[in-house]
Amino acid sequence: MAKKILGLMVLLLCLTGLSGCVFSSVEEMYALPKSSEAYVNLQAKINTEKGNAEYIAPRSGENRQTIQLVDVDGDGTQEAVAFFRDAQAEAPLKIVIFRQDDQGEYQPWARIEGVGAEIESIDYLELCEPAGCEILVSWQVNASVRDLVGYAVKDGQPVEILRSGCDDYLAADLDQDGQEELILAQSGGDTQAGWEIEYYDGMEGRMERLSATPLSLGATEINTWTAGVLADEIPALFVTSTFGEEDLITDIFCLGNAGLKNIALRGGSHQSKDIFHYYAGVHPADMNGDGITEVPVAQSIPAYGTSTAKEFWWLHWMAYQSDGTSTQVLTTYHSGDGWYLEIPDDWTGAFSMCRQENSATGVRNVLFARGVELAEEEEDEGEDEENLANAQPQVFLTISTLMGADRGELAQLGNRFTLASDSTTIFAGEFFDGWDCGLDEDTLRQRFHQNAGTWSYSH
């Protein structure tokens, strides 16, 4: 919540021209509105505080500006947070918070110092106190070591509320008390030791580690993680990790009577049952707009003919309850080039697919077929003619991505009809007589969705 409020406030200030909220250089600082005496005063105070140091900015995260505006003390007025590095100092990294006095002039209010090479990230979170926010800093000590330290600023003095090494962290309100908790990811260093997810909550002004539970055994690197909601309206954390050479695996964490628990683990296996191929390019999301976060599980669909893809994946999206039970809510195919299709529930039986593309003309076709292509040895096993015909792929639908200069003309070839279009691409569909799939032009359009995927072609 604090991040969202901060982002909206910064955006509003930037758009209205009332604030110098983002500075990447001293020159930009002096481009602030000359009519604002407060900001002229802030410039002078920052320069004085800087001395022989250099301006720096956090390397990652949502807050990467050299100077940031945020209401640290909860009084309704924003403080200015500036970042410096003095390579000659014993603690070379310094964060200085400037606060307005009764005359509206900025004065140095609090200083936070750190040892390391960079400030990896900074977040402003509501963790322990009901008013204002705490400051969470990831100090990059060296290429492989980061110290995560949380500070509460009281009467101008930073008070340490958390210190831990960690590989990554996320803030979420899993216990639904209106304040965020911290979830830390700790790497065991190898696949045998595994990763551990730690849960911290505010206790008497400090962040205390209350429980921990492992990621799936075999997970090698966290790919994405996000806070979401389970089907029984319980907040949860969805963590997708690299698993093996070509797969991703999703673990789901929520709070139980004994603390944090991983509800996606299969009994006795120490691994989640939710595994999908990385090619799909998707992660847990609210796919059907019901406010619940669904998790993808992959079903392999074979390729047939001369296909530029050797295998395809349909994703079954599962909605979880906090007891670990799950229900499938929909199935999709994600093309990887800007669209996905909701697969009807009554598409049952054997399917295969083929992808054909011409990068020179900017055409890619994805063909859906009923049946699968038999290997030669299977064809020789004395299958009767009727069964053999039913088994061979029968194309019933093609979806084309058209990006070339003549895409308008190509979209009208044969029985093609437009599903969607933008300034660079036309997506077209075409039905064939191989199988009655139960869709028409209108219902196919309803199930067709554009997304953020892209396909580059030579032209």
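**Notebook: a first walk through the model**

**Entry 1: Asp-337 and its partner**
I started at Asp-337, which is buried with a relative accessible area of 4%. Before going further, I noted that this is a predicted model. Next I looked up what the Asp-337 side chain meets, and found a salt bridge to Arg-364, with 3.2 Å from N to O. Asp-337 sits in the loop between β21 (326–334) and β22 (339–343), while Arg-364 belongs to strand β24 (residues 363–370), so this bridge ties together parts that are 27 residues apart in sequence.

Is Arg-364 buried or exposed? Its relative accessibility is 8%, and the cut-off for buried is under 20%, so Arg-364 counts as buried. Arg-364 also meets the side chain of Glu-357 in a salt bridge, at 2.9 Å from N to O. Glu-357 has 32% relative accessibility and counts as partly exposed.

I then turned to a network of salt bridges that share partners: Glu-54, Arg-59, Arg-85, Glu-118, Glu-120 and Arg-146 are joined in it.

**Entry 2: salt bridges over the whole structure**
How many salt bridges does a search of the whole structure find? I noted 17. One of them pairs Glu-196 with Arg-209, and their closest N and O atoms are 3.5 Å apart. Here strand β12 (residues 195–203) holds Glu-196 and strand β13 (residues 206–214) holds Arg-209, with the two positions 13 residues apart in sequence. I checked the accessibility of both: Glu-196 is partly exposed at 32%, and Arg-209 is partly exposed at 42%.

**Entry 3: the overall picture**
I stepped back to take in the chain. It has 459 residues, of which 47% count as buried. I found seven helices and 28 strands. Of the contacts between residues at least 6 apart in sequence, 49% join residues at least 24 apart.

**Entry 4: how far to trust it**
I looked up the confidence next. The average pLDDT of the chain is 85, and 84% of the residues score at least 70. Which stretches have pLDDT under 50? Residues 1–35 stay under 50, and the model gives them 51 contacts beyond four places in sequence. Residues 455–459 are also below 50, with 18 contacts beyond near neighbours in sequence. Where pLDDT is low, the predicted coordinates should not be read in detail. I kept that caution in mind when looking at these two stretches.

**Entry 5: the nonpolar cores**
I wanted to know which residues in the largest nonpolar core touch the most other members. This core has 24 residues, and the answer is Trp-314, Tyr-333, Trp-339, Leu-341, Trp-347 and Phe-368. Two or more core residues come from each of β20 (311–320), β22, β23 (351–358), β24, β25 (394–402) and β26 (417–421). Strand β24 is thus a familiar name, because Arg-364 lies there too.

I followed Trp-347 further. Setting aside residues up to four places away in sequence, Trp-347 touches Trp-314, Phe-368, Phe-396, Leu-397, Trp-435, Cys-437 and Leu-439. A second core, separate from the largest, has 21 residues, among them Phe-83, Tyr-124, Val-137 and Val-149.

**Entry 6: a pocket**
I then looked for empty space. The second largest pocket holds about 340 Å³. Its lining counts 15 residues, and those closest to its centre are Ser-60, Gly-61, Ser-121, Asp-168 and Tyr-169. Strands β6 (118–125) and β10 (168–172) each supply at least two residues of this lining.

**Entry 7: two single residues**
My next stop was Pro-108, in strand β5 (residues 106–114). Pro-108 is partly exposed, at 30% relative accessibility. Which residues does Pro-108 contact, apart from neighbours within four places in sequence? They are Glu-49, Ile-97 and Phe-98. I also checked Glu-79: it is 29 residues from Pro-108 in sequence, and the C-alpha atoms are 9.9 Å apart in space.

I ended at Gly-305, in the loop between β19 (294–302) and β20. At 48% relative accessibility it falls below the over-50% cut-off for exposed, so Gly-305 counts as partly exposed. Gly-305 and Glu-373 are 68 residues apart in sequence, while their C-alpha atoms are 7.7 Å apart.

Definitions and conventions. Residues are numbered from 1 along each chain as its sequence is written. This is a predicted model: local features need pLDDT of at least 70, side-chain atom pairs count only at pLDDT 80 or more; totals for chains, interfaces and linings use all residues. Side-chain values use heavy atoms; hydrogens and water are left out. A salt bridge is a side-chain nitrogen of Lys or Arg within 4 Å of a carboxyl oxygen of Asp or Glu. Helices (H or I, at least four residues) and strands (E, at least two) are DSSP runs, numbered from the N terminus. Buried means under 20% relative accessible area, exposed over 50%, partly exposed in between (1.4 Å probe, protein chains only). pLDDT is the predictor's confidence in each residue, from 0 to 100. Contact means heavy atoms within 4.5 Å. A nonpolar core is a set of buried Ala, Val, Leu, Ile, Met, Phe, Trp, Tyr and Cys residues joined through side-chain atoms within 4.5 Å. On a 1 Å grid over the protein atoms alone, a cavity is a set of points where a 1.4 Å probe fits but cannot get out, and a pocket is an open set with protein on both sides within 12 Å along at least five of seven lines; lining residues have an atom within 4 Å of a point. Grid points are joined across faces, edges and corners, and a volume is the space filled by probe spheres set on the points.
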